[in-house]
Amino acid sequence: VEADNRKIAPYIVNADYFQKYHMSDKMLENMECIDYDSLINNENDIKKYYKGLRLRKKYRQLFESDKKILVKMSATPGTIDCISAALDESCSFPNHSFFVIASKDENNYPPELICALLNSDIINAYVRMNCVKRTLLTTVIRSAPIPKFNSKQKEQIVDLVHRITENNHEKLEKQINNIICDAFGLDEHDKNELTRYCSIYRGIYVKSPENRMKDEKYEIITGMVEKVDVNERKCWIYLMEYDMTKDFSITQNMPGWFLRKNAQFSGKLYKSNDLKDIKPLMYSFMNDDEVIDYLDEIFSSPYKEGE
């Protein structure tokens, strides 16, 4: 908006109500307006009123793009869904909670395609394997692989992104993921392995009669993960009640945060040697915020192969 030759721009105050693919109505409602040109001359003084405001004058043209991609900078450690990207067509200026991406060649790489790629399972898996911290690293995002899409695949993805809503996103996201996997040249075995890998992090597993174990006896145990080997799909866990270390096969019901060295937990140990209902071990001498900070420190530590 132009007012007296000044640039009045929408300003995204924070990442509240952020969602993938499209900015939510609540997020749009919470936007404020800033007089960008005036702020340039008073940036230091104005920061006390706009916490997190970074004008980044060199990138003004990027922020004013008709269509750009916002990427949320933070993610919960230990989760596979570490990237959330959404299209922004409001020419807004986001605060420091976001990375901003614009396509240099919208004909070959439309913003919808970039947004879908960033939100895909395969790129989330790649980023999580290379960055386990709460704040995403630009170097990791920049290094993410980009497949060669054919014209049909591009058209399909752009159409699906435009059709995504809160009510149908799961179904359409599966279609998008499948197209992106095809562009990467993954066969059905590779796709199944990717799905299995993501499912383990998400704690999703098929609730078959064998998995339900309604009548099987179990005992509540506490322990700590000593070693994780993703290639062998095994982890070694110290069981406090038994004062011993025991190896377990990695299963789909093991949450992502659990598959880290030094992760401390409680759970149910069944007679069949299955570990279920795994939960973070809460310390009585810590309040909720202290526990979260403690877990964040553990799960943000660099992962080394074989640990």
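In this predicted model, Glu106 sits in the loop that runs between β8 (98-101) and α5 (111-119). Its relative accessible area comes out at 44%, so Glu106 counts as partly exposed. Glu106 also has acidic company: together with Asp66, Glu89 and Asp105, this residue makes up a negative surface patch.

Turning to the aromatic side chains, the tally is three aromatic pairs. One of them brings together Phe18 and Phe98, with ring centres 5.2 Å apart. The planes of Phe18 and Phe98 meet at 55°, and since an angle over 60 degrees would be needed for edge-to-face and one under 30 for stacked, the pair is classed as tilted. As for where the partners come from, Phe18 belongs to the loop between β2 (6-12) and β3 (21-22), while Phe98 is part of strand β8. The contact therefore ties together parts of the chain that lie 80 residues apart in sequence. Phe18 and Phe98 are both buried.

A second pairing, between Trp257 and Phe258, has another geometry: the centres are 6.1 Å apart and the planes stand at 90°, making this pair edge-to-face. Trp257 and Phe258 are both buried as well. The story here does not end with two rings, as ring pairs join Trp257, Phe258 and Phe265 into a cluster.

Note on methods
Residues numbered from 1 in each chain as written. Predicted model: local features only at pLDDT ≥ 70, side-chain atom pairs only at ≥ 80, totals over all residues. Heavy atoms only, no water. Patch = residues over 30% accessible without salt bridge, like charges linked within 9 Å, V, L, I, M, F, W, Y side chains within 5 Å. Areas by Shrake-Rupley, 256 points an atom, 1.4 Å probe, with all protein chains shown as cover. Salt bridge = Lys/Arg side-chain N within 4 Å of Asp/Glu carboxyl O. Lys, Arg positive; Asp, Glu negative; His and termini not counted. Charge placed at Lys NZ, Arg CZ, Asp CG, Glu CD. Helix = DSSP H or I, 4+ residues; strand = E, 2+ residues; numbered from the N terminus. Buried < 20%, exposed > 50% of the residue type's maximum accessible area, 1.4 Å probe, protein only. Phe/Tyr/Trp six-rings, centres within 6.5 Å; stacked < 30°, edge-to-face > 60°.
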